[in-house]
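Work through the exercises below with the coordinates open. Try each task before reading its solution.

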Amino acid sequence: MSLARPAPKSDEPSDPDSGGPARFEYKASDPPPIASGDSLAFGKADRLAKYAWLVLLYNLAAVAWGVFVRAGRFGDGCGSHWPLCDGNSEPLKGDIARTVEMSHRVSTGLVGPLVLAMLVWTFRVFPKGHFLRKASVAAMGFTLLEGLVGAALVKFGWVVNDDSPHRAAVMSFHVVSTFLLLGSIAAVAFGARMPNPPRLKGQGTVGWILGGGAAGLILLGVSGAISALGHQLNPVDNVLQAAMDPMTFWMVRLQPFHPLIATAVGLYILLTAGLVTHLRPDPAVRRAVNWMIGLYGLQFGLGLLNIWLKAPIAMQMIHLVMADLNWLTLVVVAMVAFAGGIEKVEKRPAPLEAQLERAKGKDLVKAYVALTKPRVISLLLVTSQAAMIAAKGEWPGLWPFMVVLVGGYMAAGSANAINMVVDRDIDLTMKRTATRPTVTQAIPTTHALLFSFALAVGSFALFLGFANLLAATLAFSGLVFYVVIYTLLLKRRTWHNIVIGGAAGAVPPLVGWAAVTNELPPLAWLLFGIIFVWTPVHFWALAIMIKDEYKAAGVPMLPLVKGDRNTAVQIFVYAALTCVATMAPFFAFANVGWLYAISAGLLNAVLIAYSLKLYRQVDRPRASALFHYSMLYLALLFVALAVDRTVVM
C-alpha cells in the first residue's frame with residue numbers, strides 16, 4: 001500500500017494547528033525533489049528506493065540474528081578478539097560459539113558497504129542540501145557507531161554472563177543507535193519516492209507530538225533491553241514475586257516495569273495518532289497512522305505472549321524486530337506529516353477575526369485556568385480523593401493527598417484543554433462555549449496544545465516520582481480515552497458517545513486507589529463501574545437542557561437522535577443501574593458497613609425520585625434539577641464510602 005501524498009491543491013487552506021486541512025506546498029526556494037525533472041531522474045530515485053528497502057530488510061535480519069547471539073550466550077565465541085576471531089573464552093562451546101559469533105560479525109560488517117553504496121547513490125540522485133542526502137549521511141554515521149558499540153561489548157567483556165551496570169548501559173545505547181540507524185535508512189527508502197521532501201521546521205505542535213512519541217519508543221526500547229538482559233542473566237519462574245524481594249538481581253526487579261511502560265507508551269501512540277490525523281487531515285497521514293497503531297497493537301500482544309511463554313529465544317527475536325518496526329512506522333508518519341513546506345499559521349474563527357485579541361497579563365492566566373475546565377474537574381477530584389481514603393481505611397497523609405490532587409487536576413486539565421482545541425469549531429456555535437479561550441484565540445491553538453502536553457507530562461512525572469507507575473499510567477489512560485475515544489471518535493458520530501466515553505470520567509477512583517496501594521482490587525473496579533453507569537444520567541439530563549445548542553453544533557446527543565421521551569426512559573434505566581451498582585459494595589465486601597449502605601440508600605431514593613419526575617414530564621426545569629443533584633449525589637456517595645471505610649477498617 002502506498003503512503004505517498006498526491007499532488008497538492010493550490011486552493012486548500014493552510015492551518016496546521018487548527019484541525020482544518022493543511023496545505024502541503026513545495027517552495028521554489030527549496031531543493032527540488034531530484035536533480036532533474038525528467039522521467040529518467042525519477043526512475044533513478046525509484047531504483048534507489050528499492051535498494052534502500054533491501055538494505056533496511058537486511059538490517060532487520062541482522063538485528064534478529066544479534067538477538068540469537070545474545071540470548072544463546074554466544075557473544076564470547078571469539079573471546080576478547082575484535083574484529084578478528086582467533087580466540088575463544090569458553091572452550092566447551094568449541095567451534096559452534098566461534099561460528100555463530102563470527103557469522104554475526106560478518107553479517108553486521110556487510111552493513112557498512114551496503115550503507116556506503118546507498119550514500120553514494122543518494123548523492124548522485126539528489127541535489128546538494130536535500131533531506132535524503134542528510135539522511136544517508138546519518139545512516140553512515142550510525143553504522144560506524146554500531147560497529148564501535150559492538151567492539152566495546154567484546155573488548156570490555158560485556159557479554160554472556162557479565163551483569164554489570166556498564167553492560168546494561170551499553171546495551172541500552174545499542175538499542176537507541178539501532179533505532180536511529182534503521183530510521184535513517186527508512187527515511188531514504190520511503191523519501192526517495194515522495195513528491196516533496198519532509199521539512200523539520202515550521203511543523204507547529206505536530207513536531208512536538210511526534211517528538212514525544214519518539215522519546216517514548218526509545219524509553220520503551222531501553223526498558224526492553226534491560227528486561228531481556230535480566231531474563232538472560234537470571235531467569236525466574238515468577239517475575240512479579242521475585243521483583244518484590246529486595247535481594248533479587250536489580251535487572252529482574254525492573255522487569256515488571258516494561259509492560260507498564262509499554263502500556264503508557266501505547267496510550268501516547270494512540271493519542272499521537274488521534275491528534276496528528278486531526279491536525280494533518282491528509283489520506284496519506286491517516287494510512288501511515290493506521291499502520292502505526294496496528295503494528296503497535298500487534299507488538300503489545302506479542303509482548304504478552306512473550307511473558308506467558310517465558311521469553312523463548314525465537315519470541316525474543318520476533319519481539320525486537322517488531323519493536324524496530326514500531327519505530328519505523330513512527331518515522332514514516334513523521335515524514336508524511338512533515339512533507340512539503342508547512343507554515344505555522346494561526347487563524348481565528350472568521351466571525352471573531354477582527355473583534356478579539358489575545359489575552360495578556362491576568363487575563364492570560366485566567367484564560368489558561370479556563371482551558372482546564374476547573375468546575376468540571378472538581379467532581380473528579382472528589383472521587384479520586386475519597387477512593388484514596390477508602391483504599392487506606394484512614395487519612396493517607398498530606399503529601400499523597402496533594403500528589404493525587406495536583407496530578408489528577410493536571411491530567412484532567414490536559415484532556416480538557418485538548419478537547420477545547422479539537423472542538424473549537426463547534427464550540428463557536430454554542431452559547432455556553434462561544435467564549436472559550438480557544439474559540440476567541442485568547443490563547444493561540446499551538447500554545448493551548450503545548451500547555452496541555454506540559455500538563456500531561458507534569459502529571460505523569462508527579463505520579464511516577466511520588467506515587468507509582470500504575471497510578472501514572474491510569475491517569476494518562478483517562479486522558480487518552482477522553483481525547484481519542486470520546487472527543488475524536490465518538491462525540492460527532494453517535495449518540496452512544498457519552499455511554500462509552502463516560503469511562504474516562506470513571507478513571508479517577510482507580511488513580512486514587514492505585515496511588516496509595518499500587519494495586520487495583522475488585523472494590524476499586526466497582527467504584528469505576530458506579531461512575532460509568534452514573535454518567536449517562538448526569539450528562540443526558542444536561543443534553544436535554546441544551547439540546548438546541550447541540551443541534552446547532554451538529555452533535556448527535558440522545559435527545560436529538562431519539563427524542564426527549566426516549567432520553568428520559570434511558571435516564572431512568574441508568575439511574576436504576578446506578579442504584580444497583582452503588583449497593584453492591586455493601587453486599588459484596590465485608591469491610592463496607594452500614595454507614596455507607598444507609599447513605600447510598602437515601603441518595604438513591606432521591607435520584608430515583610428526580611428521574612421519575614423527569615420521566616413523567618420532560619422539561620428543562622426537571623432536567624436541570626436532576627443534573628445538579630446528580631453531581632451532589634456522586635460527591636456524597638464517595639464521601640460516605642470514605643468515612644465508612646475509616647470506621648470499619
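The exercises go from the whole chain to single residues, and the model is a predicted one.

**Exercise 1. The chain as a whole**

Task: State how many helices and strands the chain has, and what share of its residues count as buried.

Solution:
- Start with secondary structure. The chain holds 26 helices and 0 strands.
- Next, burial. Of the 649 residues, 55% count as buried.
- Then take the contacts with a separation of 6 or more. Residues 24 or more positions apart account for 76% of them.

**Exercise 2. Span and burial of two helices**

Task: Compare the span of α21 with its expected value, do likewise for α9, and decide how enclosed α21 and α9 are.

Solution:
- Helix α21 covers residues 522-545, which is 24 residues. At 1.5 Å a residue it should span 34 Å. Its end C-alpha atoms are 36 Å apart, which agrees.
- Look along α21 for a bend. A kink of about 30° lies at Trp-534, shortly before the proline Pro-536.
- Count burial in α21. The tally is 19 of 24 residues, so the helix is largely enclosed by the rest of the structure.
- Turn to α9, with 23 residues. From first C-alpha to last it reaches 32 Å, close to the expected 33 Å.
- In α9, 18 of the 23 residues are buried, so this helix too is largely enclosed by the rest of the structure.

**Exercise 3. A residue in α9**

Task: Place Ala-273 in its helix and find what it touches beyond its sequence neighbours.

Solution:
- Ala-273 sits in α9, residues 257-279.
- Its relative accessibility is 3%, so Ala-273 counts as buried.
- Leave aside neighbours within four places in sequence. Ala-273 is then in contact with Val-289, Met-292 and Ile-293.
- Check one C-alpha distance. Ala-273 and Arg-286 are 13 residues apart along the chain, and their C-alpha atoms are separated by 8.3 Å.

**Exercise 4. The cores, and the surroundings of Met-118**

Task: Find which residues have the most contacts inside the largest nonpolar core, then trace the neighbours of Met-118 and Thr-122.

Solution:
- The largest nonpolar core has 170 residues. Met-118, Leu-210, Leu-271, Leu-479, Val-483 and Trp-540 have the most contacts inside it.
- Apart from this core lies another, of 13 residues, including Val-149, Val-170, Leu-229 and Phe-249.
- Skip residues up to four places away in sequence. Met-118 touches Leu-48, Tyr-51, Ala-52, Ser-136, Ala-139, Ile-185 and Val-188.
- Now Thr-122, in helix α3, residues 111-125. Its relative accessibility is 0%, so Thr-122 counts as buried.
- A polar atom of the Thr-122 side chain lies 2.7 Å from the backbone oxygen of Met-118.
- With the sequence neighbours up to four places away left out, Thr-122 touches Leu-48, Leu-132, Arg-133, Ser-136 and Val-188.
- Finish with Ala-45, in helix α1, residues 39-71. Ala-45 is buried, at 1% relative accessible area. Its C-alpha is separated by 8.3 Å from that of Thr-122, 77 residues apart along the chain.

**Exercise 5. Aromatic pairs**

Task: Classify the ring pair Phe-460 and Phe-476 as stacked or edge-to-face, then do the same for Tyr-482 and Tyr-486.

Solution:
- The whole structure has 21 aromatic pairs.
- For Phe-460 and Phe-476, the ring centres are 6.3 Å apart and the planes are at 85°, so the pair is edge-to-face.
- Phe-460 lies in α17, residues 445-466, and Phe-476 in α18, residues 469-490. Phe-476 is buried, at 9% relative accessible area.
- For Tyr-482 and Tyr-486, the centres are 5.5 Å apart and the planes at 25°, so the pair is stacked.
- Both tyrosines, Tyr-482 and Tyr-486, lie in α18, 4 residues apart, about one turn of the helix. Tyr-486 is buried, at 4%.
- Ring pairs also link Tyr-268, Phe-453, Phe-460 and Phe-476 into a cluster.

**Exercise 6. Positive phi**

Task: Decide whether Lys-310 and Gln-441 are buried or partly exposed, and give the phi of Lys-310 and of Gln-441.

Solution:
- Recall the background. Most residues other than glycine have a negative phi.
- Lys-310 has a positive phi of about 65°. It lies in the loop between α10 and α11. At 44% relative accessibility, Lys-310 counts as partly exposed.
- Gln-441 has a positive phi of about 60°. It lies in the loop between α16 and α17. At 1% relative accessible area, Gln-441 is buried.

Conventions. Residues are numbered from 1 along each chain as its sequence is written. This is a predicted model: local features need pLDDT of at least 70, side-chain atom pairs count only at pLDDT 80 or more; totals for chains, interfaces and linings use all residues. Side-chain values use heavy atoms; hydrogens and water are left out. Helices (H or I, at least four residues) and strands (E, at least two) are DSSP runs, numbered from the N terminus. The expected span of a helix is 1.5 Å times one less than its number of residues. The bend at a residue is the angle between axes fitted to the seven residues ending there and the seven starting there. Buried means under 20% relative accessible area, exposed over 50%, partly exposed in between (1.4 Å probe, protein chains only). A nonpolar core is a set of buried Ala, Val, Leu, Ile, Met, Phe, Trp, Tyr and Cys residues joined through side-chain atoms within 4.5 Å. Contact means heavy atoms within 4.5 Å. A polar contact is a pair of N or O atoms within 3.5 Å; within protein, one must be able to donate a hydrogen and the other to accept it, and residues adjacent in sequence count only if both atoms are side-chain atoms. Rings of Phe, Tyr and Trp (its six-membered ring) pair if their centres lie within 6.5 Å; planes under 30 degrees apart count as stacked, over 60 as edge-to-face and the rest as tilted.
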